[in-house]
Amino acid sequence: MKAAIFLERDGILNLARVERNHQVTPLTLDQFHVNQDAKPLLDELKSAGFLLIATTNQPGLSRGYQSRRELDLMHQILRRELPLDDLFICPHDETDHCPCRKPKAGLLLEAAFKHHIDLERSFVVSDKWQDAQAAHVAGCTSLLLKSQWNGPGHHDFVMNGLSELVQKVMQLSASGCLILNQF
Ligand SMILES: [Zn+2]
């Protein structure tokens with residue numbers, strides 16, 4: 001079984017504007033800008049043998065303000081510019097009570113099933129508490145990029161920059177020193 005790095009999309013793989021203390025998800029191609037700083041870091045993780053999987057909540061699909069076509073075009077760009085192996089989307093709204101909207105772990109479990117991923121040797125990288133919570137439920141180690149969305153809940157590591165965060169993943173992975181699950 002392989003180990004994976006699960007990557008939140010907005011704020012990690014693409015730049016996200018901040019308005020009134022909220023990240024604004026890009027809805028159109030012209031608002032979509034790949035985070036170029038992420039590329040060399042993802043290349044490094046890929047070379048180390050990790051599968052790279054993006055996960056994203058896109059409630060605009062079910063609420064009707066995000067066009068599927070536009071989203072697909074954005075994701076084509078993302079997969080062309082970054083060495084991603086797969087990308088999983090939750091299209092639901094909170095009121096749909098689906099199993100995949102983060103902080104639920106559905107996207108991680110779906111990816112693990114499809115790609116035969118060992119979740120306990122895998123990492124979740126994000127700037128938001130929802131991903132750390134999903135990681136906790138799935139048994140992955142979570143690394144949050146320091147932000148105003150880290151929240152007070154469980155997370156394993158908070159790092160100041162993406163480069164530092166990736167070095168931490170490499171270090172933890174090399175030492176086999178992963179967070180042990182309580183269950
Ligand atoms: Zn969902």
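What share of the contacts in the protein chain with a separation of 6 or more comes from residues 24 or more positions apart? In this predicted model, such residues account for 62% of those contacts, and the paragraphs below follow the chain from its overall form to its sheet and then to its metal site.

The protein chain holds 6 helices and 8 strands, which succeed one another along the sequence in the pattern β-β-β-α-β-α-α-β-α-β-α-β-β-α. Its radius of gyration is 15 Å, close to the 16 Å that the globule rule gives for 183 residues, so the chain is as compact as a globular protein of that length. Along the principal axes, the C-alpha trace spans about 45 × 35 × 35 Å, and buried residues make up 50% of the 183 residues.

Turning to the sheet, the reader will find that 6 strands form an open arrangement with parallel pairing, in the order β5-β4-β1-β6-β7-β8. The edges are taken by β5 (86-90) and β8 (157-159), and because each has a single partner strand, one side of each is left without a neighbour in the sheet. From one strand to the next, the twist averages 20°. At the β5 edge, the partner is strand β4, residues 51-57, which pairs with β5 in the parallel sense over 5 bridges; within this pairing, Ile 53 stands opposite Asp 86 in β5. Helix α6, formed by residues 162-175, lies across β1 (4-8), β6 (123-126), β7 (141-145) and β8, and the helix runs at about 165° to β7.

The zinc ion has four protein donors, namely Cys 90 through SG, His 92 through ND1, Cys 98 through SG and Cys 100 through SG, and these lie 2.0 to 2.3 Å from the metal. In sequence, the donor residues are spaced C-x1-H-x5-C-x1-C. The site is tetrahedral, with angles of 99 to 116° among the 4 donor atoms, and for comparison the ideal angle for four tetrahedral donors is 109.5 degrees.

Is the donor Cys 98 buried or exposed? Cys 98 has a relative accessibility of 7% and therefore counts as buried, since the cut-off for that class is under 20%. His 92, by contrast, has a relative accessible area of 25%, so this donor is partly exposed.

Terms used:
Residues are numbered from 1 along each chain as its sequence is written. This is a predicted model: local features need pLDDT of at least 70, side-chain atom pairs count only at pLDDT 80 or more; totals for chains, interfaces and linings use all residues. Side-chain values use heavy atoms; hydrogens and water are left out. Donors are N, O and S atoms within 2.8 Å of the metal (3.2 Å for Na, K and Ca); water is not among the atoms, so sites may look incomplete. Four donors count as tetrahedral if all angles lie between 85 and 135 degrees; four count as square planar and six as octahedral if opposite donors are over 155 degrees apart and all others between 65 and 115; anything else is irregular. Buried means under 20% relative accessible area, exposed over 50%, partly exposed in between (1.4 Å probe, protein chains only). Two strands pair if DSSP finds at least two bridges between them. Helices (H or I, at least four residues) and strands (E, at least two) are DSSP runs, numbered from the N terminus. Axes are lines fitted to C-alpha atoms, for helices over the stretch in contact, and angles run from 0 to 180 degrees between N-to-C directions. Contact means heavy atoms within 4.5 Å. The radius of gyration is taken over C-alpha atoms; the globule rule is 2.2 Å times the number of residues to the power 0.38.
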